[in-house]
Amino acid sequence: MNIKRVIEKDTRTAFEKIKQLYGEDTAILSNKKVGNQVEVVVAINLNDGSYSLQQDPEAAVGEVVSKPRPVVHEKADSAPTVEWMQARRSAEERQPKPNILSEKDSIDQVRKLLEKTRAEQPSDSSHVASPQATEQPSLQSLAMEMSLLRDMFQSHLEKESDERRASMGVFAKDMLRTLDEQGVIKHQVAKLQRSLTSIADAEVFDTSVNWFKQRLSTADINPVMDGGIFAFVGLSGVGKTTTIAKIASQAALIHGRDNVALITQDHNRIGSREQMNLFGMMLGVEVINSSSTRQLKECLNSVAHKKLVLIDTAGVGLRSDGLSVLADSLMEANEHLQVILTLAANNQTAVNQKNCQDLKGKVCGTIITKLDETLSCGGVVSSLIESSHSVIGASEGAEIPRCYNPMSGPELVNHWFEIPTSTLSEESLSTTRHESVA
């Protein structure tokens, strides 16, 4: 008879190892928890030949190979006695228990070890770091501290704003909650909240509408009536080609087909050239294909006598700076060329905000598309206000030519709040046409 100890991560794993090493009829003497592991003590019989001492994992190095244990009827005197088991248990109780540190003690030990390691570092002048090497960690730590302070300050402001909102009237709280749900940028909602603090419930709606009207400007550009050279840029699928067809058809009815030309640079999308050529054939206007900036310059020179030239560009991906690069290359082609940003009203606020920021200062205005495919255009209005972009027009529907209309900033806000356009006075249009409030 021999006593063996098996330590595993749990009882089930220990029993499976015992069954593999010593057989199914091994006598289990005890099992207990040792730290994060389980210790199982077993008694094995060395006389039946099923186990060899040379194969013991504690006595030999290498893989343990055990033979299947045959069924053997042991004699009664080979079983461990009660006295032996009691003596074994007493011996185990006298063994020192492992010292399991708490989480706090472990942290303290690690801190002491780090302090000891720093104290033992050599102070030889040959190992002194250069000023640049010591300055970089200090700047990194300062940047981390500043970021932490900024986050703490932002959390404090949000908590203070929530406390102020709780003390406001029912209509004001409902208005702010609706704006949050419709994707309006948070700090814009916070600014509006300060304006609604001392406002009566009956004035909440008008105050909110006027707040957005005063901050959304209108571009003094009308491609249909005034003409010019315009390149439409935007993400893939926002409706640039369809919007160009609507504007071209309206301009052809006013100025004549010979005074309108279309140029396509969209060669990435399958069938883009064919679609633009089909539009040109249906409208009776000239369509030119261009594949490079140099070729675009030649195309613009050939249609310089046209009243309106519209350029369709390839859509770019969201996770790149393709919009900014594309706008720069287009403006190099001709000094009279103006870039128009095309935004889809059904895109996320963060998507439209990124597009507006990428093209800030590079576009003459923005055209909003797919107004009929969203229940609220609050997100796109908020993005335009954030980047100080002006509104040129909006597209609502797929019908050509009547589903595009020039639109001012106040008219877009009215559409958002579902206010009839007839209520918009000419006085409000004239005061907000060139105004952009930060």
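Which residues have the most contacts inside the largest nonpolar core? Select Leu179, Phe212, Ile263, Leu300, Ile368, Val381 and Leu412: they hold that place in a core of 58 residues. A nonpolar core is a set of buried Ala, Val, Leu, Ile, Met, Phe, Trp, Tyr and Cys residues joined through side-chain atoms within 4.5 Å. Buried means under 20% relative accessible area, exposed over 50%, and partly exposed in between (1.4 Å probe, protein chains only).

This is a predicted model, in which local features need pLDDT of at least 70 and side-chain atom pairs count only at pLDDT 80 or more, while totals for chains, interfaces and linings use all residues. Residues are numbered from 1 along each chain as its sequence is written, and side-chain values use heavy atoms, with hydrogens and water left out.

**The core**

Select Val381 next. Apart from neighbours within four places in sequence, Val381 is in contact (heavy atoms within 4.5 Å) with Phe212, Leu216, Leu412, Val413 and Trp416. A second, separate core has 22 residues, among them Ala248, Leu262, Ile392 and Tyr404.

**The aromatic cluster**

Display Phe205, Trp211, Phe212, Trp416 and Phe417, which form one aromatic cluster. Across the whole structure, a search finds five aromatic pairs. Rings of Phe, Tyr and Trp (its six-membered ring) pair if their centres lie within 6.5 Å; planes under 30 degrees apart count as stacked, over 60 as edge-to-face and the rest as tilted.

Trp211 and Phe212 make an edge-to-face pair, 5.0 Å centre to centre with 80° between the planes. Trp211 counts as buried because its relative accessibility is 7%, and Phe212 counts as buried at 0%. Turn then to Phe212 and Trp416: their ring centres are 4.8 Å apart and their planes stand at 75°, so this pair is edge-to-face. The pair links distant parts of the chain, with Phe212 in helix 7 (residues 204-215) and Trp416 in helix 15 (residues 409-416), 204 residues apart. Helices (H or I, at least four residues) and strands (E, at least two) are DSSP runs, numbered from the N terminus. Trp416 is buried, with a relative accessible area of 6%.

**The salt bridges**

The structure holds nine salt bridges, each a side-chain nitrogen of Lys or Arg within 4 Å of a carboxyl oxygen of Asp or Glu. Select Glu39 and Arg5, whose side chains meet in one of them at 2.9 Å, N to O. Glu39 lies in strand 3 (residues 37-44) and Arg5 in strand 1 (residues 2-8), so the bridge ties together parts that are 34 residues apart in sequence. Is each partner buried or partly exposed? Glu39 counts as buried at 6% relative accessibility, whereas Arg5 is partly exposed at 43%.

Add Lys32, which forms a salt bridge with Glu39 (3.8 Å, N to O) and is partly exposed at 34% relative accessibility.

Move on to Lys306 and Glu286, whose side chains meet in a salt bridge at 3.6 Å, N to O. Lys306 is in the loop between helix 11 (293-302) and strand 7 (308-312), and Glu286 is in strand 6 (residues 286-289), 20 residues apart. Lys306 is buried, with a relative accessible area of 15%, whereas Glu286 is partly exposed at 36%. Returning to the earlier bridges, shared partners join Arg5, Lys32 and Glu39 into one network.
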